[in-house]
Amino acid sequence: MAVHPHRLVLMFHILLLLWPINASQILCPNSCGNVKISYPLGIGEGCYLNKWFEVTCDNSSGSPRAFLNSVHLELNRTLHPSSSVIVNLPRNSSVNLSGSPFSFSNTDNIFTAIGCENYLNLNQKDSTLSHCHSFCTCDPTKNDGCCDFLCTLPRNRKLENVNMSEIYSEGFPRECSSAFMVHKTWLESNYLKNPYVLKDKEVLPAKLEWGKYGGSCVELYNSHKTSCNKDDYCVIQLNSDYFCLCDNQRSDSYGGCKGGLLCVSKNNTGCSECPYGYEPCQSEDEETWCSPSRSSDDIFIKKTQVKYLINIGIQYHCPSVSTYLTFL
């Protein structure tokens, strides 16, 4: 059946409206092997925020491996928003993050010691052991070294200098064969099903973060200091404690961005107050987050052509704010 020429012309015009006019070439690699790389992390000059966030993709072993150069740790995966990453942490390791923007998450990691024969030491008065639980894979009265300790990390301190023997130094059983920090989610999905999974592991995943998610943000590029990579993904520094990590690329269609609000404060009180232009709100997990007073419509640069707004129903911050796909 023949298609009327006028219909072909109409379809062509519709495609022109929806087709991105200034399709930008990707200049920064967005992956290394199975690890996704997103700004402020980056591979190559002009792709990372600063030297702390530089990633090297090592192909010498035949399989690409991503390394965070500044702290000499291998990346396992990145998390969204890009305020945290999972790194491969060697057992019995000592890592010094002093002076860097990074710290080990004290809420999403667990201190683990394996092969601990003197498991009854948990009854000591040492407060550092009060949040530990022993798990035994055999009868400890007949076999030494078959009990492990899983301990929550101190919530009131930044973990920047991680020496496993120092975190729980007082009264911790010295008979333990090894100690390390491990990502809580990995531990819950692996160790609790099979306690022997830790015995032969030389490296384990741990969460490293440069900021804590504090809600969503809507910011204009000219409102604060803005840093972007060569692909025009940006971070906007609101003050010394807060950054807006942009989801969308900078373009002629936007005068600002939407994204995740990150608190990078090095002390416990820096994240207690929202930055100017944001109001505190309650998340579904009853955490206090910050919600922008600026509307997401404020970042669009108005043009004469029709704006197609399609609500896909993804919600980012407290009450209900949707993410939109916008064709200009």
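This report walks through a sheet, two nonpolar cores and one buried glutamate in a predicted model.

Let's start with the sheet. Six strands form an open sheet in the order S3-S4-S5-S6-S14-S8, and their pairing is antiparallel. Strands S3 (55–58) and S8 (103–104) sit at the edges, each pairing on one side only. S3 runs antiparallel to strand S4 (residues 65–68), and four bridges join the two. Among these pairings, valine 55 has leucine 68 in S4 as its bridge partner.

Now to the interior. In soluble globular proteins, nonpolar side chains tend to be buried together. Here are the two cores side by side.

| Core | Residues in the core | Members include |
|---|---|---|
| Largest nonpolar core | 38 residues | Val55, Leu68, Leu75, Phe102, Phe104, Leu208 |
| Second, separate core | 13 residues | Ile236, Leu238, Leu261, Cys263 |

The six residues named for the largest core are those with the most contacts inside it. Elements that give two or more residues to this core include S4, strand S5 (73–78) and strand S14 (203–209), while the largest share, three residues, comes from S6. Leucine 68 is a handy residue to click on: leaving aside neighbours within four places in sequence, its contacts include Trp52, Val55, Leu75, Phe102 and Leu208.

Finally, have a look at glutamate 209, which is found in strand S14. Is this residue buried or exposed? Glutamate 209 counts as buried because its relative accessible area is 6%, under the 20% cut-off. Its side chain makes a polar contact of 2.8 Å with that of lysine 212. Not counting residues up to four places away in sequence, glutamate 209 also touches Ser83, Ser84, Pro101, Phe102, Ser103 and Ser105.

Key. Residues are numbered from 1 along each chain as its sequence is written. This is a predicted model: local features need pLDDT of at least 70, side-chain atom pairs count only at pLDDT 80 or more; totals for chains, interfaces and linings use all residues. Side-chain values use heavy atoms; hydrogens and water are left out. Two strands pair if DSSP finds at least two bridges between them. A nonpolar core is a set of buried Ala, Val, Leu, Ile, Met, Phe, Trp, Tyr and Cys residues joined through side-chain atoms within 4.5 Å. Buried means under 20% relative accessible area, exposed over 50%, partly exposed in between (1.4 Å probe, protein chains only). Contact means heavy atoms within 4.5 Å. A polar contact is a pair of N or O atoms within 3.5 Å; within protein, one must be able to donate a hydrogen and the other to accept it, and residues adjacent in sequence count only if both atoms are side-chain atoms.
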